[in-house]
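Please open the model in your viewer and keep the selection panel at hand. The stops below go from one selection to the next, with a note on what is found at each.

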Amino acid sequence: MSDLKIGVIVGSLSSTSINRKLAEAMKKLAPEGVSFTDISIDLPIYRQDFDADYPAEGRALKEAIEGADAILIVTPEYNRSIPGGLKNAIDWASRPWGQNSFKEKPVGVIGTSPSGIGAAIGQNALRPVLGFLNVAQFNAIEVYLNFKDGLIDDNHDITNDGTKAFLAGYMKDFVAFAGHHKG
Ligand SMILES: Cc1cc2nc3c(=O)[nH]c(=O)nc-3n(C[C@H](O)[C@H](O)[C@H](O)COP(=O)(O)O)c2cc1C
């Protein structure tokens with residue numbers, strides 16, 4: 001497969017984010033030929049007034065998404081949904097009207113939580129939002145990862161062999177899916 005550029009969006013702004021750790025671990029599990037760009041969601045709250053003259057940070061976000069072949073979203077669950085910061089970034093990327101940067105973009109959603117359900121409800125709150133934005137959603141493997149201390153070490157390696165193989169399988173299939181859409 002030809003080289004593939006994946007933009008990574010972490011749904012947490014926490015300096016100690018376990019989802020950031022998972023994102024870094026996923027990069028290390030990717031097949032050959034894949035490169036990654038981190039896409040920041042540290043943005044002011046979107047408002048429609050911006051549409052007439054889109055601010056630089058909004059344009060930078062849109063360009064980063066549009067420039068990637070696929071997007072991997074790694075998100076926590078906040079109050080049984082997604083964090084407001086992630087939704088805000090998606091709102092930025094969806095506008096101005098008619099200029100939805102996510103259109104037809106292959107997108108994978110994964111996440112982790114210290115709770116047993118592994119951010120499942122948050123991820124599933126995100127899916128209809130992405131559906132409305134007409135992304136090509138990768139649904140074949142779901143990653144609801146129950147985070148435990150030591151699961152990801154300081155080098156961002158997964159310490160559990162079964163989990164590591166499962167997540168490597170996710171990356172293999174997601175990259176194949178994205179490559180198929182890239183053509
Ligand atoms: C505002 C807030 C709401 C949360 N709601 C949930 C929740 O609904 N389900 C859950 O499993 N964990 C919830 N948590 C706990 C998070 O899963 C935990 O803080 C996790 O570390 C967040 O991911 P991060 O470290 O990548 O920021 C919540 C945490 C915060 C700060």
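Select Leu-72 in this predicted model, and then show what touches it: leaving aside neighbours within four places in sequence, Leu-72 is in contact with Ile-6, Gly-7, Val-8, Ile-9, Met-26, Gly-108, Ile-110, Tyr-170, Met-171 and Phe-174. Widening the selection from there brings up the largest nonpolar core, which has 30 residues, and in which Ile-6, Met-26, Leu-72 and Tyr-170 have the most contacts. If you colour by element, you will find that β1 (4–10), α1 (18–28), β3 (70–74) and α5 (161–182) each supply at least two residues of this core. Which of the elements gives the most to this core? The answer is α5, with 6 residues. A second core, separate from this one, is made of 25 residues, and Leu-43, Ile-65, Ala-89 and Ile-90 are included in it.

Next, select α1, where Ile-18, Asn-19, Leu-22, Ala-23, Ala-25, Met-26 and Lys-27 are buried. An α-helix has 3.6 residues a turn, so residues three or four places apart point the same way. The buried residues of α1 pack against β1, β2 (34–38), β3, β4 (106–113), β6 (144–146) and α5. At the N-terminal end of α1, zoom in on Ser-17, which caps the helix with a side-chain oxygen 3.1 Å from the backbone nitrogen of Asn-19.

Ser-17 also leads to the ligand, since you will meet this residue again among the closest of the 13 that surround it, together with Ser-12, Glu-77, Asn-79 and Ser-113. Display the polar pairs one at a time: a side-chain N or O atom of Ser-12 is 2.6 Å from an oxygen atom of the ligand, a backbone N or O atom of Asn-79 lies 2.8 Å from a ligand nitrogen, and a side-chain N or O atom of Ser-115 is 3.1 Å from a ligand oxygen. Taken alone the ligand exposes 620 Å², of which the protein buries 69%. Colouring the surrounding shell by residue class gives 4 nonpolar, 7 polar and 2 charged residues.

Move on to Gln-137, which is found in strand β5 (residues 136–137). Is this residue buried or exposed? Gln-137 counts as buried because its relative accessibility is 15%, and buried means under 20%. The side chain of Gln-137 makes a polar contact of 2.8 Å with the side chain of Arg-127. Beyond its neighbours within four places in sequence, Gln-137 is in contact with Val-107, Arg-127, Leu-130, Gly-131 and Phe-177.

The last selections concern the backbone. Most residues other than glycine have a negative phi, and most peptide bonds are trans. Select Ala-119, in the loop between β4 and α4 (120–132), where phi is near 65°, a positive value in a residue other than glycine; Ala-119 is buried, with a relative accessible area of 1%. His-156, in the loop between β6 and α5, likewise has a positive phi near 65°, but His-156 is partly exposed, with a relative accessible area of 27%. Finally, go to the loop between α3 (84–94) and β4, where Pro-96 lies, and inspect the peptide bond from Arg-95 to Pro-96, which is cis with omega near -5°.

Technical notes:
Residues are numbered from 1 along each chain as its sequence is written. This is a predicted model: local features need pLDDT of at least 70, side-chain atom pairs count only at pLDDT 80 or more; totals for chains, interfaces and linings use all residues. Side-chain values use heavy atoms; hydrogens and water are left out. A residue is near a molecule or strand if one of its heavy atoms lies within 4 Å of it. A polar contact is a pair of N or O atoms within 3.5 Å; within protein, one must be able to donate a hydrogen and the other to accept it, and residues adjacent in sequence count only if both atoms are side-chain atoms. Accessible areas come from the Shrake-Rupley method with a 1.4 Å probe; for residues, only the protein chains shown count as cover. Ala, Val, Leu, Ile, Met, Phe, Trp, Tyr, Cys and Pro count as nonpolar, Asp, Glu, Lys and Arg as charged, and the others, Gly among them, as polar. Helices (H or I, at least four residues) and strands (E, at least two) are DSSP runs, numbered from the N terminus. Buried means under 20% relative accessible area, exposed over 50%, partly exposed in between (1.4 Å probe, protein chains only). Contact means heavy atoms within 4.5 Å. A nonpolar core is a set of buried Ala, Val, Leu, Ile, Met, Phe, Trp, Tyr and Cys residues joined through side-chain atoms within 4.5 Å.
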